[in-house]
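Please explain how this structure is organised around its main pocket, its cysteines and one of its strands.

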Amino acid sequence: MTTDMSLYPLQFRPHFKQYLWGGRRLGDVLGKPIGKGPHFAESWEVVDHGEDQSVVENGPLAGRTLHQLVTQFGQPLFGSASPGTQFPLLLKYLDAQQNLSLQVHPNDAYGATMNPPDLGKTEAWVVMHAEPDSVIYAGLKRGFDRAAFARELAIGTGHLRAHKITPRTGDCIFIPAGVVHAIGAGLLIAEIQQASNTTFRLFDWNRVGLDGQPRPLHLEQGLDVTDYEIGPIEPQHPLPTERSHVERLVDCEKFVLDRWTANAGVNDYLFPADDRFHIVAVLQGHAELNHPHIETRLDRAATVLLPARREPLEVRLSDSAILLDMWMR
């Protein structure tokens with residue numbers, strides 16, 4: 001096994017997904033190296049999910065997949081988070097030029113029964129840009145049980161029973177497994193989620209896919225996994241922490257999501273040696289990581305994985321910098 005001293009801040013090659021609702025903003029706005037084509041929907045920044053693999057771009061581990069790092073390093077990578085056979089979180093950016101389908105994700109218990117088994121999918125979004133008329137559907141309106149929601153879906157009006165909000169740049173929306181949801185057109189989103197790709201599509205706006213055929217729906221599975229008790233979802237209320245530059249957006253059993261904002265006139269901060277891995281993504285400005293063996297500059301939409309076994313890490317933020325810090329307890 002490779003020694004933990006070989007680990008350092010890890011940057012990965014973006015892994016792109018093209019879907020009919022995507023566009024060009026991953027390249028034109030976020031600077032990602034997308035190719036030709038009009039439907040670049042998602043940039044998977046940190047992923048270990050079957051054949052979908054992040055590949056290290058920097059330093060002596062360049063060319064290794066994230067799954068190989070999980071296998072080779074174990075505890076030094078995971079720290080106090082129990083090492084598993086898969087990296088548990090997935091970070092992505094989404095460019096929604098059209099509405100995403102009305103959909104729902106299962107929890108871990110349901111995912112374990114699938115063939116092949118998968119994790120459940122609890123997720124959180126941070127809005128990087130919102131057009132004035134953009135909307136998000138998050139949660140069902142009160143009073144809908146399975147039978148009532150099934151009747152609405154059968155006649156194509158299920159989306160009218162979903163709670164609709166008008167998001168603003170900077171809003172964070174927390175979507176636990178089982179919550180019916182849809183990201184609306186005009187939104188640019190940073191998303192942290194469990195490392196799952198299981199989606200049950202409930203309504204697809206009566207459109208056809210790139211092959212000219214309607215995309216399949218998964219009504220029975222979706223109705224099975226929907227949580228009818230949660231109700232409408234509103235944007236998170238950021239909470240202060242003991243560090244003046246850090247506010248907490250989400251604290252759940254699957255992950256913690258913090259937002260760092262550079263204080264006026266203060267640029268130097270510290271990632272403590274806390275025996276936890278951290279995924280760090282820059283939403284605005286830039287950041288520089290001062291590691292003894294490798295210097296890392298992160299511009300907008302850049303991402304780095306900090307392994308758990310490390311020394312305290314100095315971070316210098318630009319005056320306008322905003323970054324997300326994602327970790328597990």
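**The largest pocket, the cysteines and strand β16**

Within this predicted model, strand β11 provides the largest share of the lining of the largest pocket, namely 3 residues. The strand in question spans residues 181–183. It is accompanied by several others: β1 (15–23), β2 (40–46), β5 (89–96), β7 (123–130) and β13 (200–203) likewise each supply at least two residues of that lining.

The space enclosed by the largest pocket amounts to about 420 Å³. Its lining is made up of 22 residues, of which Y19, Q103, N197, T199 and R201 are the closest to the pocket centre. Sorted by class, the lining comprises 9 nonpolar, 6 polar and 7 charged residues. Rolling a probe the size of a water molecule over the atoms is what reveals where empty space is left.

The cysteines may be considered next. A disulfide is a covalent bond between the sulfur atoms of two cysteines. The structure holds 0 disulfides. C172 takes part in none, and the nearest cysteine sulfur to it, that of C252, lies 10 Å away. Why does C252 form no bond with C172? The closest cysteine sulfur to that of C252 is the one in C172, and because the distance is 10 Å, the two are too far apart for a bond; a disulfide would require the sulfur atoms to be within 2.5 Å. As to their surroundings, C172 has a relative accessible area of 2% and is therefore buried. C252, at 17% relative accessibility, also counts as buried, because the cut-off for that class is under 20%.

Attention now turns to strand β16. This strand covers residues 256–261, and 5 of its 6 residues are buried, so that β16 is mostly covered. Which strands does β16 pair with? One partner is β15 (residues 246–251), which pairs with β16 in the antiparallel sense over 5 bridges. In this pairing, D251 stands opposite V256 of β16. A hairpin through 4 residues connects β15 to β16.

Another partner is β23 (residues 322–327), and β16 and β23 pair in the antiparallel sense over 6 bridges. Here W260 is placed opposite L323 of β23. Strand β16 thus has antiparallel pairings with both β15 and β23. In a regular strand, the side chains alternate between the two faces of the sheet.

Technical notes. Residues are numbered from 1 along each chain as its sequence is written. This is a predicted model: local features need pLDDT of at least 70, side-chain atom pairs count only at pLDDT 80 or more; totals for chains, interfaces and linings use all residues. Side-chain values use heavy atoms; hydrogens and water are left out. On a 1 Å grid over the protein atoms alone, a cavity is a set of points where a 1.4 Å probe fits but cannot get out, and a pocket is an open set with protein on both sides within 12 Å along at least five of seven lines; lining residues have an atom within 4 Å of a point. Grid points are joined across faces, edges and corners, and a volume is the space filled by probe spheres set on the points. Ala, Val, Leu, Ile, Met, Phe, Trp, Tyr, Cys and Pro count as nonpolar, Asp, Glu, Lys and Arg as charged, and the others, Gly among them, as polar. Buried means under 20% relative accessible area, exposed over 50%, partly exposed in between (1.4 Å probe, protein chains only). Two strands pair if DSSP finds at least two bridges between them.
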